[in-house]
Amino acid sequence: MSELPTTARVVIIGGGVVGTSTLYHLAKAGWKDCILLEKNELTAGSTWHAAGNVPNFAGSWAVMNMQRYGAAMYRTLGDDVDYPMNYHVTGALRLAHSKERMQEFEKVAGMGRYQGLQMDICTPAELKELNPFIETHDLAGGLWDPLDGDIDPAQLTQALAKGARDAGGRIERFCPVIDVEKDGDEWVVKTEKGDIRCEKIVNCAGYYAQRVGEMFKKHGGRTVPMVVMSHQYFLTEPIAELEAWTKENGRKMPMIRDVDSSYYLRQEKTGLNLGPYERNCKAHWVTPDDPMPEDFSFQLYPDDLERLEWYIEDAMERLPLLGTAGVGRNINGPIPYAPDGLPMIGPMPGVKNAFEGHSFTFGIAQGGGAGKVLSEWIMHGETEDDMWAVDPRRYTDYTDHDHCLAKALETYGHEYAMHFPHYEWPAGRDKKLSPNHDKVKELGGVMGAFNGWERACWFAKDGDDTSLESTETWGREGPWKIRVQEECEAVRDACGVLDLPGFSRFWIQGEGADDWLRGFVTGGIPKAGRMNLVYVSDSRGRILTELSCIRLEENNFILITAATAQWHDGDMIRNAVPEGVTVRETTTERDTLIVTGPKSREVLSGITDADLDAGWLTHQRATVAGQKAFLIRVSFAGELGWEIHAENEYMPPIYDAVLAAGAKPFGMYALDSLRIEKGYRAWKGDLSTDYSLLEGGLERFVKLDKPFDFTGKAAIQNEKQQGRKRAFVTLIVDSDFADAPYMSTIWNGDKVVGETTSGAWGFRVNASVALGMVQVDLAEPGTELEVEIFGKRCKAVVQKDEALWDPTNERIRA
């Protein structure tokens, strides 16, 4: 091998399955001048000791799509790159102990069918037919995925490495990265073998990703939010009965995942492999007296089988065969955990031309798809499918070490948990508090975390059940329902107030801000004293983000966006503004109240000097309860109302005054119900890069005749000429149990024709409402379709292309 090159187009740090997959996908796409640097040997981190399970199953649409791609890729990879691999497609059973678990399986199976995967719902008897060794007497049923299996992680990585090298990629082993520097727009990667200048850089350093991430702090980076967990699995000695069955059937036993007991159990040669995710789990390298070593390559932690005792006993009852063999070997190795257990794949927050692909708890299953996604980010600055579920920018500055540790322990210990829609996970909370937080709690606020911000989901009264156990249901019924109904009715009939901390705010100023903004967004911008919604498109005309644009003066704007979009939109704006235009973020300095309902003018009239007759979509500075405030005449709830924005110190007396004047507090669940009746879209649900602006019904926010060549303009022009293939619709759904979850399949007869993007019960219209995307020819009002909700097909009728509630906006404009 020649000496280390001094230049490259892309440098990838880390030689596990994700790093090699990224290099492989780049090289296959023709990006040959790319190099991967590994401090030791390939696979030396978590990859070498990984169990190598390759499921399709995932509760997230994006993650399932990524895993589906990878599993399909692995089935032909050995032949594609001429490198033999042990890949056993055994099929896998997931076992259900309850109806709620069966409902989860039905939902995931529905998503799988939409993605071309056949996942079958099984009775206990059918489970026994598929795997004759298991006990099924206490099961409600299960799910069968015939394409599940396991692969040798080292062989997979070496196959990807060979394919990458054959296509022109380069791999340099035993080459630790010491530091990274910037020289203009170029990166300088410093190694023990010399420096490499490159255009783009990628952190694929596995459980060392946080340490590598520290190198980027001086360039605008942050501490990578992750913790290293200890994961154990053990291999039994050979089992004669299993060996005989394998020989007779010519295949391995289908894998078992007892997700309610929290372990997987599969055949390994002629023995068994048991891997629990125990509640009494353990993190490593999280305290000063247990520092991360400089190099842990090909090493393991000491055995700690006592932690697994309950899981081993449970598994022996489920599969008595397990109890007939001794332990052959125990593996106890490090695996990284992000706070939500999903990896980070995409742009590095705060750092231009830097990317991340790390914190994989299921790196073998996700590595193939991750390489595809990461290579798309690197090459195109966008991905084929919306991948917000794994975007590193989904986390912001609330993810300190305490939060990451608490969430890692919670997530690992509940690896197979069901994520019910009203279940608010308790660990790592109270990281960002409204100035009204104590008051909200005093009023009965049942809190949830939104980008780290604590907001009331609903307001309980004395005697209401606020336990976590009460929320362990997929249905709409629960102790919150009557309170949410009361909150919605208060907004409909009188006045409600919602304390809403966390709006992302960007103040744009400077000569040229006007022209820049006109060329940045797809549509028009407001006149001074007004506000309107603006959209940003990607190169394919898809919905990148939605912003409230408030114009103060000619070159003076405030852009407000969702709390979860803080780092996504912040980076997007800061990277786009020209020289001379400044961006100042005031997200954490201010709080917001939504004061809304037909009596909101009456409530505010006695406590403010604002002009309450100023029209819809206007804004003004005023005082409320004697405090300085900024009022915007707008309401996401779809009633007469205002947003009151004020600095944190001024907000408690304002909140107290609004309450004293008669407003009833309401929460996020009520807001979701209210907004869906108006057809108002939510970011990264209804508004995502899975949909174009024209498909999303947002053509009125696109000005193709303006003399600015905004991103995506050509794609939108072309789509308008060719005609959109899908259309955004509002559906009334006949469902007596639950409202349509995100990505519920929409059927027309036996044909899949679309998906829901959100759903909720509308208390003002007294119906279950879903927003969704369907084939354009089915978007006609009155069209009868079906929405699949937890395995049941429910009648759904397409509504007129207008709001269900107050379609002419008379109430908002009152």
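Me: Are R257 and D148 buried or exposed?

Reply: R257 is buried, and D148 is buried too. Buried is under 20% relative accessible area, exposed is over 50%, and partly exposed is in between (1.4 Å probe, protein chains only). A heads-up: this is a predicted model, where local features need pLDDT of at least 70 and side-chain atom pairs count only at pLDDT 80 or more, while totals for chains, interfaces and linings use all residues. Residues are numbered from 1 along each chain as its sequence is written, and side-chain values use heavy atoms, leaving out hydrogens and water.

Me: What makes R257 and D148 a salt bridge?

Reply: A salt bridge needs a side-chain nitrogen of Lys or Arg within 4 Å of a carboxyl oxygen of Asp or Glu. The N to O distance here is 2.7 Å, so the pair fits. R257 sits in strand β14 and D148 in the loop between β7 (141-145) and β8 (149-151), 109 residues apart. Strands (E, at least two residues) and helices (H or I, at least four) are DSSP runs, numbered from the N terminus.

Me: Why is R101 called buried?

Reply: Its relative accessible area is 4%, so R101 falls under the 20% cut-off. Its salt-bridge partner is D260, at 2.9 Å, N to O.

Me: Why is D260 called partly exposed?

Reply: At 29%, D260 lies between 20% and 50%, so partly exposed is the label.

Me: How do you know that D613 is exposed?

Reply: D613 has 64% relative accessibility, which is over 50%, so D613 counts as exposed.
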